[in-house]
Amino acid sequence: MAEDAALATPAVSSGMTADERHWLLRRLHSLSGIVPIGGFLFFHLFENAYVLHGGGAWWKETEFTRTLPFQVAIEALVLWIPILFHAIYGLVITATSSPNVGAYTYSRNTGYTLQRITGILAFLFIGFHFFSTRGWYYATGVESTYARMHSWMIDPVYLSIYLIGTLACVYHLTNGIFTFTITWGLAVGPSAQRLVNRACVALFVVLAVVSVAILVAFRAPA
Amino acid sequence: MAERTTVLRIKRQENPRSATYWEEFEIPYKANHNIISMLMEIRRNPVTREGKRTTAVVFDANCLEEVCGSCTMVINGRVRQACSQLAEGLNGTVTVEPMSKFPVVRDLWVDRSKMFDYLKKAHSWIPIDGTYDLGPGPRVNPQEQQFAYLFSRCMTCGCCLEACPQVNDHSKFMGPAIIGQVYLMGQHPTGAMHQDERLQALMGEGGIADCGNAQNCVEVCPKSIPLTTAIGDVGGQVSRKWLRDLFAK
Ligand code: HEM
Ligand code: SF4
Ligand code: SF4
Ligand code: FES
C-alpha cells in the first residue's frame, strides 16, 4: 500500500495558491522596477540628453521614438502596463507600512521612508508628465516640440515640478536598485550591501546631475 | 543636597481592551538600579509621584540578564530589554511603554505568542526523531558553526518586530526573527533536508517578500544577529526555489 502511494505520480495542483500569487506579485513588482521601468528611465534620460547639443539635435535624435512600428502596442507593453502595475501595487505596499524614522533614525530607515515618498511623488509626476506630453498628443495631435518644452522650462512653476519629479524618480530608481540586490539575494552580507549602496548613491548623483542639466538645457531659446 | 531620583513615566492599561493612561513614579537612586528593579520598587510601594496610591505596574521579566527576552519594552521611544537598562545614564523623566506591535495583556506586559506561532508555521526545528537511531549527523566546519551560533542566540524578544516599519496591524508581515531562524535551520546539513518546507512557509503573504529593507531590525537586535544577511540569503533561497519549481515542475 505504502509502495503504491510512493509510486503514484505526484498530484499536479492546477492554479495558484494565494501564497504563490502574493509571491509572484511581489517579485513582478521588484522586477518591473528594473526592467522595463528602470531601463526606460535610463533610456529616457539618455535620449533627452541630446538637448545638450541643442533643440534641433534633440528633435532629430528622438524622432524614432515617435515613429515606432506598432507604436501604441509597444508603449502599452513596455511602459503603460508595467508602470501602472508597479505604481498601483507600489501604493498597496506603501499602505502596509508604518514609517518610524522619527524614533529610529538610521540611514537605511530613511531610505525606506524616502522610497515610499518618492514613489508617491513619481506616481503623481509620471501621471502629469504623461498626460501633458504623450497623452496630450494622442488626445489633441499637439506634439511636444522644443518650443513647447522650452515654454514650460522657463516657467518657474513647471521647472520646479519637473525638478522635484525627476529627482524623485532618479532617487527611487537608484535606491531601488540597491534594495533589488537584497530582494533577490545578490548582495547578502553587510560589506557587499555597503558596496552596492555606495555605488547606488554615486549613480544617484550622476543621474541627478544629468537630469538637472537636461531640464536647464531646455531653457535655452531655440 | 536633594536626593537623586529617577522619574519613570509609565504607559498603563488595565486589560487588553481598556484605554491607556500615564502615571509617573519617582524612585530614589540606588547604584545598579535598572528599569526592572525600579518596577519592583513600584510594586513594593505603588504610590505615584503626586502621592496617589495606585495598583502595582504589571510587567514581564525572568532572567534579569538579557537572555530570555521577556522584559522587552519601549524605553524613551526605543525598544530594548528593561533589565539591562541601568538607571545610571538615564536623565530626566524616562518614558516606559509596552511594545506597540504586540497585544498588551496588562500595563507593560505584552503577549509575544505570535512569534512562537511563526516558529511553528515555518517549521523552525530539525526533525531527528525516528523509529531507529539515525547515527551522527554530517560534520560542519567551525567557521559555519560560529556563524550559525550568532543566529542561535535569538531570544524571541520582539525588538526587531517592534522596530520594523513593515510589521504593524495593517500588514501580515511576520517580521525578521523568523527569517533569521529559517536561515539557521537551513544552513545545517541535516536541517537543509527540510528547508523547502520552511521556504514555502516564507513565500506567502506575511513572508519574506513583505520585508521593505529598512534594516532597523539588525540595528536594534540586542544579540547583534545578522538579520539582514539572513534576509538577503533567504530571499535568494526562496527565489531560487521558486524558479526551480517554475521550470522543473
Ligand atoms: C520612475 C518610475 C519607477 C521606477 C524606475 C521604479 C523602480 C523601482 C525599483 C527598482 C524598486 C526596487 C524593487 C526591490 O526592492 O526589489 C522599486 C520599489 C518600490 N516602488 Fe517603484 N519605481 C517607479 C515608480 C513607482 C511608483 C509610481 C510607485 C508608487 C507609489 C512606486 C512604489 C514602489 C514601492 C513602494 C517600492 C518598494 C517595494 C518594497 O520594498 O517592497 N514605484 N521601484
Ligand atoms: S529589513 Fe527592515 S523591513 Fe525588513 S525585516 Fe528588517 S526592519 Fe523589517
Ligand atoms: S532576532 Fe534579535 S531582536 Fe529579533 S527576536 Fe531575536 S534576539 Fe530579539
Ligand atoms: S528579564 Fe530576561 S531579558 Fe530582561
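Select ligand 3 to begin: the space that it takes is the second largest cavity, a cavity being, on a 1 Å grid over the protein atoms alone, a set of points where a 1.4 Å probe fits but cannot get out, and a molecule counting as sitting in one if more than half of its atoms lie within 2 Å of its grid points. This is a predicted model, in which local features need pLDDT of at least 70 and side-chain atom pairs count only at pLDDT 80 or more, while totals for chains, interfaces and linings use all residues. Residues are numbered from 1 along each chain as its sequence is written, chains are lettered from A and ligands numbered from 1 in the order in which they are written, and side-chain values use heavy atoms, with hydrogens and water left out.

Now show the residues around ligand 3, of which there are 14, the closest being B:C154, B:C157, B:G158, B:C160 and B:C221; a residue is included if one of its heavy atoms lies within 4 Å of the ligand. By class this shell has eleven nonpolar, two polar and one charged residues, where Ala, Val, Leu, Ile, Met, Phe, Trp, Tyr, Cys and Pro count as nonpolar, Asp, Glu, Lys and Arg as charged, and the others, Gly among them, as polar.

Move next to ligand 2, which sits in the largest cavity. Its surrounding residues include B:C164, B:F173, B:C211, B:C217 and B:I231, and the shell divides into seven nonpolar, five polar and no charged residues.

Then colour chain B by domain, with domain 1 at 5-110 and domain 2 at 113-248, bounds that come from an automatic or database domain assignment. The centres of these two domains of chain B, taken over C-alpha atoms, are separated by 31 Å. Between domain 1 and domain 2 of chain B about 1100 Å² is buried, 56% of it given by carbon and sulfur atoms; buried area is the accessible area (1.4 Å probe) that two parts lose on being put together, summed over both. On the domain 1 side, select B:V79, B:K101 and B:F102, which lose the most area to domain 2 and together make up 51% of what that side buries.

Finally, display both chains, which bury about 2800 Å² between them, and look for the side chains of B:D210 and A:R26, which meet in a salt bridge at 3.5 Å, N to O (a side-chain nitrogen of Lys or Arg within 4 Å of a carboxyl oxygen of Asp or Glu).

How values were computed:
On a 1 Å grid over the protein atoms alone, a cavity is a set of points where a 1.4 Å probe fits but cannot get out, and a pocket is an open set with protein on both sides within 12 Å along at least five of seven lines; lining residues have an atom within 4 Å of a point.
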